[in-house]
Amino acid sequence: MTENIRRQLGEKARELRKAAKMTQKEVADKLGVRQTDVSAFESKGDVIGSVERINALFNLFDCELTISEKKTPLITV
């Protein structure tokens, strides 16, 4: 996964988390990771684990994650 895609995913995750009025700690607890991992993912796109874990993150917000890496990466949730 490219850095650009990871960064976009992190930004979208933050947006969805805030819209759901959840804290990073709440999200971390549900995913079985540390709050600092969620923070790093949201701010820098740092990897929080497997693709399955990233998908689980978006599933928390009833979103299905689709990534297409054609000429311009596209992320839809």
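Me: Which element of the protein chain has the highest mean pLDDT in this predicted model?
Reply: Happy to start there, since this is a predicted model. At the low end, strand 2 (residues 73–76) has a mean pLDDT of 58. The highest mean pLDDT among the elements, 96, belongs to helix 2.

Me: And what is the mean pLDDT of the protein chain?
Reply: Taking the residues one by one, 84% of them reach 70 or more. The mean pLDDT of the protein chain is 86.

Me: What pattern does the protein chain follow along the sequence?
Reply: Let's count the elements to begin with: there are 4 helices and 2 strands. Read along the sequence, they give the pattern α-α-α-α-β-β.

Me: Which helix supplies the largest share of the largest nonpolar core?
Reply: This core has 18 residues, and those touching the most other members are Leu9, Val27, Phe41, Ile54, Leu57, Phe58 and Phe61. Helix 1 (3–19), helix 2 (24–31), helix 3 (35–44) and helix 4 (51–59) each supply at least two of the core residues. The largest share, 4 residues, comes from helix 1.

Me: Is phenylalanine 41 buried or exposed?
Reply: Phenylalanine 41 sits in helix 3. Leaving aside neighbours within four places in sequence, phenylalanine 41 is in contact with Arg6, Leu9, Gly10, Ala13, Asp46, Ile48, Ile54 and Leu57. The cut-off for this class is under 20% relative accessible area. Phenylalanine 41 has a relative accessibility of 1%, so it counts as buried.

Me: How many Å apart in space are phenylalanine 41 and arginine 7?
Reply: Along the sequence, phenylalanine 41 and arginine 7 are 34 residues apart. In space, C-alpha to C-alpha, the distance between them is 7.7 Å.

Me: Which residues does phenylalanine 61 touch, not counting those up to four places away in sequence?
Reply: Phenylalanine 61 is one of the core residues that touch the most other members. With residues up to four places away set aside, phenylalanine 61 touches Ala13, Leu16, Arg17, Ala20, Met22 and Val27.

Me: Is helix 2 roughly parallel or roughly perpendicular to helix 3?
Reply: The two helices pack with their axes 8 Å apart, at an angle of about 110°. Angles of 65 to 115 degrees fall in one class, so helix 2 and helix 3 are roughly perpendicular.

Me: What handedness does the crossing of helix 2 and helix 3 have?
Reply: On the helix 2 side, the contact is made by Gln24, Lys25, Val27 and Ala28. Helix 3 brings Gln35, Val38, Ser39 and Glu42 to this contact. The crossing of helix 2 and helix 3 is right-handed.

Conventions
Residues are numbered from 1 along each chain as its sequence is written. This is a predicted model: local features need pLDDT of at least 70, side-chain atom pairs count only at pLDDT 80 or more; totals for chains, interfaces and linings use all residues. Side-chain values use heavy atoms; hydrogens and water are left out. A nonpolar core is a set of buried Ala, Val, Leu, Ile, Met, Phe, Trp, Tyr and Cys residues joined through side-chain atoms within 4.5 Å. Buried means under 20% relative accessible area, exposed over 50%, partly exposed in between (1.4 Å probe, protein chains only). Contact means heavy atoms within 4.5 Å. pLDDT is the predictor's confidence in each residue, from 0 to 100. Axes are lines fitted to C-alpha atoms, for helices over the stretch in contact, and angles run from 0 to 180 degrees between N-to-C directions. Angles under 35 degrees count as roughly parallel, over 145 as roughly antiparallel, 65 to 115 as roughly perpendicular and the rest as oblique. A crossing is left-handed if the near helix is turned anticlockwise from the far one by less than a right angle, and right-handed if clockwise.
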